[in-house]
Amino acid sequence: MKSHKKDSNCIKKDGNIDQNMKKNKLLANILESSSSVSIISTDLNQNILYWNTGAENIFGYQASDVIGKKKIQIIYDGQESKKNALKAKRQIISTKEGTECELQQISKSGKKLWSRMTLTPCFDENENVIGILGIGIDITQNKRSEQNLRETMKKLKKTLTGMIYATELIIETRDPYTAGHQRRVAMLAKAIAENMNLTKQQVECIYIVGMIHDIGKISIPAEILSMPRRLTSAEFNLIKNHPQSGYEIFKKINFPWPIADIVLQHHERINGTGYPNGLVGKDIMLEAKILMVADVVEAMASHRPYRAAFSITRALGEVKQNSGILYNPDIVDSCVELFKKGKFSFDSNNSISPLLKDINVLL
Ligand SMILES: [Fe+2]
């Protein structure tokens, strides 16, 4: 931000507008007629030199009440706000440039306020910074609206998350052999995403999708899901419909995460041999690539109706062997590292079930 040099907005220490400003009646009128904009100047010790009508209206103090008093003690609310104001002051002195910031303030009557302040250095004849001119607009209403929006979003997320958990329970009630499968996949996929330093939003999304990624199995006859033998190709073709069925269930729900697309892609493989659409790596979402690795490792390490559980070493061997072929190598490496370094095990995550506890992890 450009600074105003010595002949623009200098304020004399006696509290009067600089001689140059006095000559400019128009500017003086602007300063005084800005009834909803606070214009305050201080010296470098934060002593108030000028306080316009707007500042009187916003903070409730008359100019005569505050001239010569320390601004920081009068209008800044809380240590954080005072710290930020001092930080802005130090920045202006060292750079001789203006800055902008949002500061929490308090009126004479104790009302909490938020202002967006434009702070500009004032100079003497030798261009030394001798004070700061602050122009502020009241953004308290905007801040309240933002806060209300955040709370509404939080409630909405909780409702959606609750709905997702209910969905998960319905699936598991119908298909006891996969009870816990989705939850364990979700926990492993979340751990991989965290290990890869993905954003909080991505981690949240991956966890949620993991919890319901097999919802499409609801359209498959229960006898097929629990068949105690290997499936015929016709039966397996029915199973292969479940990503598409899951997509159809979720596609019209406007989740804050791309759940339907990730569900659709969770059985794709990066070399194009997956289903239902045979997508290749670049066309598969990162979240789906993580989910597919977690899904395979969990499925191999768990008991199935037609076979006993494989060891985790064998499950990890499967994804390692196909790293770069079926699965993204970075994701495989991240997954293997989690187990190798003891950062994750299904045993320690198996008991994580109380639903509200899981919701609190996310929100
Ligand atoms: Fe699946």
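**Exercise 1.** What is the site of the iron ion, given the angles among its four donor atoms?

*Solution.* This is a predicted model, where local features need pLDDT of at least 70, side-chain atom pairs count only at pLDDT 80 or more, and totals for chains, interfaces and linings use all residues. Residues are numbered from 1 along each chain as its sequence is written, and side-chain values use heavy atoms, without hydrogens and water.

Step 1: list the donors (N, O and S atoms within 2.8 Å of the metal, or 3.2 Å for Na, K and Ca; water is not among the atoms, so sites may look incomplete). The protein supplies Asp214 (OD), His242 (NE2), His266 (NE2) and His267 (NE2), at 2.1 to 2.3 Å from the iron ion.

Step 2: check the angles. They run from 85 to 173°. Four donors are tetrahedral if all angles lie between 85 and 135 degrees; four are square planar and six octahedral if opposite donors are over 155 degrees apart and all others between 65 and 115; anything else is irregular. The site is irregular.

**Exercise 2.** Place the iron donors along the chain.

*Solution.* Their spacing reads D-x27-H-x23-H-H. His242 in helix 12 (residues 242-250) and His266 in the loop between helix 13 (259-265) and helix 14 (286-300) are 24 residues apart, a link between distant parts of the chain. Helices (H or I, at least four residues) are DSSP runs, numbered from the N terminus.

**Exercise 3.** Buried or exposed: classify His242, His266 and Leu149.

*Solution.* Buried means under 20% relative accessible area, exposed over 50%, partly exposed in between (1.4 Å probe, protein chains only). His242 has 1%, so it is buried. His266 has 0%, so it is buried too. Leu149, in helix 7 (residues 140-174), has 56%, so it is exposed.

Definitions and conventions
Helices (H or I, at least four residues) and strands (E, at least two) are DSSP runs, numbered from the N terminus.
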